[in-house]
Amino acid sequence: MELIERFFLGLTALASVPLVAPVAAPARCEESPVRVSAYARPFEPPRRPALIPLPPGAVEPAGWLRDWCLAARDGYTGHMDAVHEEFRRAWAADHTMRGERLNWFRGAWPYEGGGYWFDGLARLGSILRDDGLIAQVRRRFEVVASRVHPGGILFLWWLDKDSPEDSQAITCDGGWPIWACGLLGRAMAAYYAASGERRILETLETAYSSDRNWIRLPGGMSNVWPAFQTYTWTGNKRIAEALSEVFSKEASAAIAPNPWGRYRRMPDARPGAETNEHGVAFLEATTPWALGYLWTGDEEFLKAPLAWHDLVEREAMQPHGVIVADEFWGPTGAFRGTETCDVAGYLWSQIVLLSVSGQGRLADRAERAFFNAGPATVSRDFQTHVYFQSPNRVADNSPPCPHGPGASGCSYKPTHMPLCCTAALNRIVPNYVMHMWMATYDNGLAAALYGPCKVSALVGDRVPVDIVCATDYPFGEAIEMNVRPARKAAFPVLLRIPGWCAHPEVRVNGAPVSAGADERGFVRLDRLWKSGDVIRLRLPMSVRVAGGRDRGWRAVRLRLLRSSSLRPADPRSGRPEHARPLGQVDIRPGCAGGEARCRHRC
Ligand SMILES: [Zn+2]
């Protein structure tokens, strides 16, 4: 445990470096519609993402994953108005904050809470094709859709963009109200992708085309992704101008360096050279820069966020698959915590970066987070949750996490104050499910994240296909995919081979095929598929030992955290305690009093 102390102390060496903005070419948006894939957007910038997310609902969960979705529906996601009155205020017609009350702690918080919740609600409703969930989110969106207008500020319809008072008020707390707008925009974009409801797209277009001052505020970062999506559906020139400004050299001086502008450049990879950041701000501010690569073709926009995420992978990754974030990221520590907002945010980040880059290692990270940290956020019935999770949590209210609700944040409760995590946890399950399969630009499908599911999509020459994945992965190693095209069709199926798997096996209709992955980590199966074809994938798991910055050791078997450096739970058998993948991992410290001697610092 002394070693743990030394590594925590090493954090104090963190230092800042000057901002260096990379060169960004102006966008060269195509004026004419582009239709290559069935899932290509009508308007796309010069670079296309490696993998195209399918609309929510194209992937249906099965088995344990469906059970989990239903629990979310019957627990938090379908009933947030009953969880706390703040959710009834979220984007409600009579909850219109002005002036100082646009600070999150003076009445504006429901804009954030609603954005997080609606994001999960819209996606889960579409995934489950649940009329009740869909009606609920439509009702909430309609309040905004019926009021948003070009004179407002993004989705804050009651504000006047020409009012100096309103323009000043939205800069509070680093542009927090603008950041909260991006969460609503993200939810609406997901819902439009699933529903095609014109009214929702018009709402997005009005919000993002009426005024582009939002891009100059630190809080503007969360709006980049939904504004980008809105452009690809509409080709709106004013939105294009705003995005070009975000991704232009000239804008670097106008965008606040922290927390947004900082991440458009490569990090200093030397240990301790970069200052840390609030976890949510880090995830929200790094990820959108990857869209700059699509917009301009400049690879630096993609390399930078990938490098930042590689940095926290080395420095701050916890054994349960998410970065230390209690609430700032920092070196891995046996008693460091991770805020639930960061579980949702980390998963979203890896999926966006996976889509843009096509790098399977990002899907490895997404799976690791989803299978370990994801279940630990919430009880099995989705009625209680933690604010912080920590791998070596040994008792209720332990460890004494800083920030947020403090030590009580480690306990399972119906709500925690602030309510951010109660809202954000709704995003985790549907975001994973809808991205298990993605489309390719050559009209194929890529298996990106594994688990029991069925994908229904168009392939080849717009041939409908179902692929049913029968598996209990990650509890087992075998995945059987039954391919059912409506008629014989030639199209590629890409299978992700996890980077941790040394000896994968792939068979098609019983015959072995090469399981050698390409440089991005995918095996490509090109053939004329017919109904009844079966792909069998086996991903043998092995135990490896990984070291953390605190020199604690953890044994990781595939995606499930198994044990730590510490004393076996069962002294009779000497076997380490097995993971509880649907609950908080609770590992016993190997030395008496170790917990009390640890240091917790950012
Ligand atoms: Zn939170």
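**Pairing, packing and a few odd torsions**

Biologist: Let's start inside the sheet. Which residue of S14 is the bridge partner of Asn482?

Modeller: In S14, Asn482 has Val534 as its bridge partner. Bear in mind that this is a predicted model.

Biologist: What makes S9 and S14 count as paired?

Modeller: The cut-off is at least two bridges between the strands. S9 and S14 (residues 533-538) have six, in the antiparallel sense, so they count as a pair by that cut-off.

Biologist: And what makes S8 and S9 a pair?

Modeller: Seven bridges join S8 (residues 463-471) to S9, running antiparallel, and since two would be enough, the pair passes. One of the matches is Thr471 with Ile479 of S9. The two strands are linked by a hairpin of six residues. Pro474 sits in that loop between S8 and S9, and a cis peptide bond, with omega about 10°, joins Tyr473 to Pro474.

Biologist: How are the side chains of S9 arranged on the two faces?

Modeller: They alternate along residues 478-485. Ile479, Met481, Val483 and Pro485 point to one face and are buried, while Ala478, Glu480, Asn482 and Arg484 point to the other and are not. That's what a regular strand does in general: side chains alternate between the two faces of the sheet.

Biologist: What's the strand order in the open sheet?

Modeller: Seven strands, S2-S7-S8-S9-S14-S11-S12, with antiparallel pairing.

Biologist: Why do S2 and S12 each have one side without a neighbour in the sheet?

Modeller: Because S2 (59-61) and S12 (511-513) stand at the edges, each with a single partner strand. On average, neighbouring strands of this sheet are turned by 20° against each other, direction ignored.

Biologist: What makes S11 a partner of both S14 and S12?

Modeller: S11 (residues 505-508) has four bridges to S14 and three to S12, so both clear the two-bridge cut-off. Both pairings are antiparallel. On the S14 side, Val508 is matched with Ile535 and Val506 with Leu537. On the S12 side, Arg507 stands opposite Pro512. The hairpin of S11 and S12 has two residues between the strands, and Asn509 there takes a positive phi near 50°.

Biologist: Over to the helices. How do you know that the length of H15 fits its residue count?

Modeller: At 1.5 Å a residue, its 18 residues (340-357) should span 26 Å, and the end C-alpha atoms are 26 Å apart, so the two agree.

Biologist: Why is H15 called largely enclosed by the rest of the structure?

Modeller: Because 18 of its 18 residues are buried. Just after H15, Gly358 has a positive phi of about 75°.

Biologist: How do H8 and H9 pack?

Modeller: H8 (residues 172-195) and H9 (residues 198-210) pack at about 145°, with axes 9 Å apart, and the crossing is left-handed. Residues in the contact include Met188 and Tyr192 of H8 and Leu201 and Leu204 of H9. By class, the contact has eight nonpolar, three polar and no charged residues.

Biologist: Asp173 lies in H8. Why is it called partly exposed?

Modeller: Buried takes 20 or more C-beta neighbours within 10 Å, and exposed takes 12 or fewer. Asp173 has 16, so it counts as partly exposed. Its phi is positive, near 50°, in a residue other than glycine.

Biologist: What makes His403 partly exposed?

Modeller: His403 has 17 such neighbours, so it also falls between those limits. His403 lies in the loop between S4 (388-389) and H17 (420-424), and its phi is positive, near 65°.

Terms used
Residues are numbered from 1 along each chain as its sequence is written. This is a predicted model: local features need pLDDT of at least 70, side-chain atom pairs count only at pLDDT 80 or more; totals for chains, interfaces and linings use all residues. Axes are lines fitted to C-alpha atoms, for helices over the stretch in contact, and angles run from 0 to 180 degrees between N-to-C directions. A crossing is left-handed if the near helix is turned anticlockwise from the far one by less than a right angle, and right-handed if clockwise. Two residues are in contact if their C-beta atoms, placed from the backbone, lie within 7 Å. Ala, Val, Leu, Ile, Met, Phe, Trp, Tyr, Cys and Pro count as nonpolar, Asp, Glu, Lys and Arg as charged, and the others, Gly among them, as polar. The expected span of a helix is 1.5 Å times one less than its number of residues.
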